[in-house]
Amino acid sequence: MAGLLGRRTESETLDRLLTAAGTGQSQVLVLRGEAGIGKTALLEYLQARATSCRILRASGVESERELAYAGLHQLCGHCLDRLDRLPVPQRDALGTAFGLSAGDPPDRFMVGLAVLNLLADTAEQQPLVCLIDDAQWLDRVSAQTLAFVARRLLAERIVLVFAVREADPDLSGLPELVVRGLSDAEAHTLLDSVVRGPVDGRVRDRIVAETHGNPLALLELPRSLTAAELADGFGRPDGEALTGRIEECFVRQLAGLPDDTRRLLLTAAAEPLGDATLLWRAAGVLGLGADPAAAAEATGLIEFGRRVRFRHPLVRSAVYRSASARDRQEAHRALAEVTDPAIDPDRRAWHLAQATVAPVEDVAADLERSAGRAQARGGLVAAAAFLEQAALLTPEPARRAQRELAAARAKRDAGALGSALELLTAVEAGPADALRGAEAEHLRGQIAFDQRRSGDAAGLLLRAARRLAPLDALRARETYLEAVGAGLWAGSVSEAASAAVEAPPAPSPPRAVDLVLDALAIRFTQGYTAASSLLPAALSAVLALEDGAFDVGRMLWLMGNRAAGTVATEAWDFEATRSLARRQVRLARSSGALVQLQFGLNFQAITELLAGEVTEAAALAEEDRLIGDVTGNPPVGYAAVLVAAHRGSGAAELIASTVREATARGQWRLIALADYASAVFHNGLGRHDAALAAAQEVFARDDVGFQGLITAEFAEAASRTGADLSAAVARSAERALAMRTDWALGIDARVRALSGSGDVAALYRESIARLAAAGLRVDVARSHLLFGEWLRRAGHRVDAREQLRTANDMLASMGLEAFADRARRELLATGETVRKRTAPETDELTAQEFQIARLAREGLSNPEIGTRLYLSPRTVEWHLRKIFAKLNITSRRQLRDAALTP
């Protein structure tokens, strides 16, 4: 392909992409510029230069934006012969998304990983160039999937280039090249190449100035001027936007065409696939012969071949927008008639909807069925669009409101929270219906929690539960539990708990959700002792549930920290708590529920932290951050705060930022967690005054969960500052007496030892033994530390050294350096010389390298690591080579013995 006029810099940039990809370095670029600026020409240039590469192309089509995976299918359709080479979960996800197989709705990030690996596998044979034109018109799920892939490419031989008109949030942060207009000199050259005959100099200068060097405008605008206007300079300036003026140029070229030719062009514009066979069938339905095609092709605006292709996307939009509403409806009706309802029912339903003006139940029902199929493929955005259109075409008001409610649910599931709320307003304006009204308020409450408006969510969910109570007792009970969970985060749980006590009675036998609701309602209204027999039973019921007991979303919600997670903390059964957390992560990971996975990772990270697996806890917290980076959702982050607090480094700013963000969102429970982390942090540093103040803040705010954990921190700080420990002793004794678990009894023994009541040495030994039996290594080490400090102050230096050595070794091995430093200082005070442990000197691993090294050491293969971290196997291998070099090793076997330090 010959060089492009005025595009030397852009062409050199594209050439560098090909060179780098040939050496195994993936390249991504976003070409951004206004319509007609030359983005498509640059894609053509890149395709022509990529003679040794395989080319895959896709183009966004405005009318297809609501059809899930339409753009992705364009790009990957020619690679599906390699689908069987993908891991089964990825193969199933992509097959379901493309309608090749039936299955549960696939998670869009599992689809994204499947596309990443499908392209990476294709690129093993030869470098691969993927060109996405008019990306602003891709359907949303295709755009998000391709953006996901773009951010995960690294060591594959792939070039991925998007062309887009304006900045796109889905593509933000990717390398970008802004395509600007030609210089005045270049614009004059291009204009002179297409204008034949005399041109007034003032007209030439005006065209160049008004087009701002836009190549398509320079080529097309002169066509809209008469010879006289070009020659004498009396053409009138036009203030219309440039894109509109270019479209108008095309419209003027259409004006002189025969009616049948314009109708054929319109039908082609309404058929986004470019399927020539389908177009000719529709033309036959419309009574159009062969002559219109010849006349249309003679204009140069369209090409008819195996595929129908417009010269430029603006031609398509000009044709479609300039047609009358009646003509557009006739074109869509013809296309619907010739679209096979068995092969492509959704596109047929969409065409029928565009052909319909007045509400028609049959069409609305077709759209509703299409929504179900879209949802089954994971196309939540498409499902919402189908349902919304179905509602518009529903003649019966009550059924219309029900479909609007279904559309609102789909919008919420797709993350379009604002649109969902707008639909709920329409639902509430429909005919009165008690159940539908309660369901709408329930959905409003769920959306409020999604928006992190915990206080609003608690009130809405409570009102919804009360409205549901006489209509659907089982759903009412679940909604009461949601209200209690929201109240926990908002710091207003008492009202929801009191109302939940009056909820409809549980069925017989009670479900796990019923047991959790009753346990928490009694806990918050009647106190800890009254709920003590209910908490373990509720926890056991949740743990006994089979994975398929009900849908994954409800199962994960029930396991989370707004429901069973809170019960687990209150029950003081560490083994069960850890099991619940691990199960939540496993289920969320296997189902691809990434938002729930983020919460589960934080839950499990805390249990691993308490078990002394601090490196594992940090890795889980890092995975939360990684998923946030991949999905665009913020990290949940509270586990990272607690890990930093226990380690004693980098915690102060994390705690402060958590408080700021939680205060801004009204998430009172996160503030309590930050105060708990602050108490741990300051106790580790020996700043007991600050630890006491932080612990007192938790007691002042929190009535569940963190108060149990904070009791030990409060007692430690109070014992060092002379504050009154009686409240801590009473609280600890209440829990120990009620639960009789090793965790509760071990903490109680430590609190009583710190208070100085009874045989202090025996209490410390009991604390150590019980906490060790419970598997809480961090608390075991801290009890050794406190015991050693007490012995030293009591003058028993030899006995103190034994306890302090054990504490130092345990704390240092777990990486809890602040507490370990405290133990070393105490050892020095006993007269013993002790050295601080130092890690082997290696180049520091990045957070991602640490994750890969950890998973490789656990025995995961490169594809398995890639699935966990959303990378291709080739990229994992590339990272492992760097890791081996940094650690000065050469094999995975050596990795097992290497010290990993993120």
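1. A residue counts as buried when its relative accessible area is under 20%, as exposed when that area is over 50%, and as partly exposed in between, with a 1.4 Å probe and protein chains only as cover. Because R740 has 53% relative accessibility, R740 counts as exposed. Of the 902 residues of the chain, 55% count as buried.

2. This is a predicted model, in which local features need pLDDT of at least 70 and side-chain atom pairs count only at pLDDT 80 or more, while totals for chains, interfaces and linings use all residues. Residues are numbered from 1 along each chain as its sequence is written, and side-chain values use heavy atoms, with hydrogens and water left out.

3. The chain contains 48 helices and 7 strands; these are DSSP runs numbered from the N terminus, helices being H or I of at least four residues and strands E of at least two. The C-alpha trace spans about 110 × 65 × 50 Å along its principal axes. Among contacts (heavy atoms within 4.5 Å) between residues at least 6 apart in sequence, 68% join residues at least 24 apart.

4. An open sheet of 5 strands follows the order β2-β3-β4-β1-β5, with parallel pairing; two strands pair if DSSP finds at least two bridges between them. At its edges stand β2 (54-59) and β5 (176-178), each of which pairs on one side only. Neighbouring strands of this sheet are turned by 15 degrees against each other on average, direction ignored; axes are lines fitted to C-alpha atoms, for helices over the stretch in contact, and angles run from 0 to 180 degrees between N-to-C directions.

5. Strand β2 runs parallel to β3 (residues 128-133), and 6 bridges join the two. The bridge partner of S59 in β3 is D133.

6. Which strands does helix α2 touch where it packs on the sheet? Helix α2 (residues 39-49) touches β1 (27-32), β2, β3 and β4 (158-164), and its direction makes about 165 degrees with that of β3. Helix α6 (residues 140-152) lies across β1, β3 and β4 and runs at about 135 degrees to β4.

7. Where does R740 lie? The exposed residue R740 is in the loop between α39 (726-739) and α40 (742-755). Leaving aside its neighbours within four places in sequence, R740 is in contact with R735 and L745. R740 and A571 are 169 residues apart in sequence, yet their C-alpha atoms are 9.9 Å apart in space.
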